[in-house]
Amino acid sequence: MGKSWVYIGFATIMTLIIIILSIFLMEISTIITLGNRVENSLIGAGWAGFSTVDLDEIGERKNIDNAEIREIYLDKAKANLLVKQYIRQNLKLDTSYRPTNDSYIVSRDKPVVIDEIRIFNPDELPIIDGKTNITRTTIKIAVEIPMDIKGLGFRYAKKTVYVDIDTF
Amino acid sequence: MSPGNLVILALVVVFLFMFVVGSTEYSLPFFQRLKFDNVCNKYLAIIQANGGLSQEHKNELTLELEEIGFTDVSISAPTKLEWNTEAILRVEASYKFKAMKAYLFREEKTLQAVYENKTRVMTLER
């Protein structure tokens, strides 16, 4: 009888471990998928920022006709506003950056936090931002996405993308 | 080991096996979703650079999605837009997969994947 209880106890512990691991696997899959979708939406928003080309600045530089060495300057203020607008549209957020019912972000109680939108123009390059070496005109977008993780509760997940015109 | 213990052990092993298989099957569509989004975003890049998707591009996108198991692909994209115009790419597709039902039966499920992102066209040469 005593040995039987040991077997049952061992089996119960193994079962619990497997169940917890399976739930963990499912949650990780969900988080990775959500992170990837957010990244793609941010890249789309970043590309939109490239439409705010500062033509005056570019016009004063040489090599404007040479696609290989032409330097692309962005209007930082306009780019910042436009990128924010497209982040809101692509992630389907309301005016206070909370995910709407159409959004694929499931946790809708807390807003998406935009930590940083930074434009690196050619006159600031090359530069190392964190661990990323930036050598061409780039828009950096850093956000925090609200998510409910089973077993851990509510968390903000950070996502940072660097977008230039050769992202793909 | 007594016959009773063997029965318990067998039941636990079977249950765990089914649970692991069920969880793995549940996770597979998520990885297909990753591929789906990345393929679609590649074509958003083409829209951003070229101003739209030609019929040839749409066929390529459909083919790429079908190759990774998606069916009923529907694409909504501009054909040719001018510089600094808003462009929307919307792609809908179905992904059919088999999954465990109540850890006993396998049933066919359909994941409806929708990709929709906006950008602005920037047709400067690269």
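1. Asp129(A) is buried, because its relative accessibility is 11% and the cut-off for buried is under 20%. The model is a predicted one, and this holds for every point below. The side chain of Asp129(A) forms a salt bridge with that of Arg118(A), at 3.4 Å from N to O. Asp129(A) belongs to strand E2 (residues 127-129) of chain A and Arg118(A) to strand E1 of chain A, so the bridge ties together parts 11 residues apart in sequence. Arg118(A) is partly exposed, with a relative accessible area of 30%.

2. A salt bridge also joins the side chains of Glu116(A) and Lys140(A), with an N to O distance of 2.8 Å. Glu116(A) sits in strand E1 (residues 113-120) and Lys140(A) in strand E4 (residues 138-149), both of chain A; the two residues are 24 apart, and the pair links distant parts of the chain. Here the basic partner, Lys140(A), counts as buried because its relative accessibility is 10%. Glu116(A), at 27%, is partly exposed.

3. In chain B, Arg33(B) and Asp37(B) meet through their side chains in a salt bridge of 2.9 Å, N to O. Both residues are in helix H1 of chain B, 4 residues apart, or about one turn of the helix. In an α-helix there are 3.6 residues a turn, so residues three or four places apart point the same way. Arg33(B) is buried at 8% relative accessibility, and Asp37(B) is buried at 2%.

4. Over all chains the count is 13 salt bridges. One network of salt bridges links Lys92(A), Arg90(B), Glu92(B) and Glu116(B). Lys92(A) also has a backbone feature to check: just after H3(A), this residue takes a positive phi of about 55 degrees.

5. Helix H3 of chain A covers residues 76-90, and its length is as expected: 15 residues at 1.5 Å a residue should span 21 Å, and the end C-alpha atoms are 21 Å apart. The buried residues of H3(A) are Ala79(A), Leu82(A), Val83(A), Tyr86(A), Ile87(A) and Asn90(A). Viewed down the axis of H3(A), these buried residues fall within an arc of 140 degrees, so they line one face of the helix. Ala77(A), Lys78(A) and Leu81(A) are exposed on the other side of H3(A).

6. Which residue caps the N-terminal end of H3(A)? The cap is Asp75(A), with a side-chain oxygen 3.3 Å from the backbone nitrogen of Ala77(A).

7. A nonpolar surface patch of about 930 Å² draws on both chains; among its members are Phe10(A), Met14(A), Leu21(A), Phe24(A), Leu28(B) and Phe31(B). The elements that give two or more residues to the patch are helix H1 (2-49) of chain A and H1 of chain B. H1(A) contributes the largest share, 8 residues. Leu21(A) is placed in this helix of chain A.

8. Lys42(B) is found in helix H1 (residues 3-50) of chain B. Is Lys42(B) buried or partly exposed? Lys42(B) counts as partly exposed because its relative accessibility is 34%, and partly exposed runs between the limits of 20% and 50%. The C-alpha atom of Lys42(B) is separated by 9.2 Å from that of Leu61(B), although the two residues are 19 apart along the chain.

Key: Residues are numbered from 1 along each chain as its sequence is written. Chains are lettered from A and ligands numbered from 1 in the order in which they are written. This is a predicted model: local features need pLDDT of at least 70, side-chain atom pairs count only at pLDDT 80 or more; totals for chains, interfaces and linings use all residues. Side-chain values use heavy atoms; hydrogens and water are left out. Buried means under 20% relative accessible area, exposed over 50%, partly exposed in between (1.4 Å probe, protein chains only). Patches are made of residues with over 30% relative accessible area and no salt bridge: like charges are joined within 9 Å, nonpolar side chains (Val, Leu, Ile, Met, Phe, Trp, Tyr) within 5 Å. Accessible areas come from the Shrake-Rupley method with a 1.4 Å probe; for residues, only the protein chains shown count as cover. A salt bridge is a side-chain nitrogen of Lys or Arg within 4 Å of a carboxyl oxygen of Asp or Glu. The expected span of a helix is 1.5 Å times one less than its number of residues. The arc is that of the directions from the helix axis to the C-beta atoms. A polar contact is a pair of N or O atoms within 3.5 Å; within protein, one must be able to donate a hydrogen and the other to accept it, and residues adjacent in sequence count only if both atoms are side-chain atoms.
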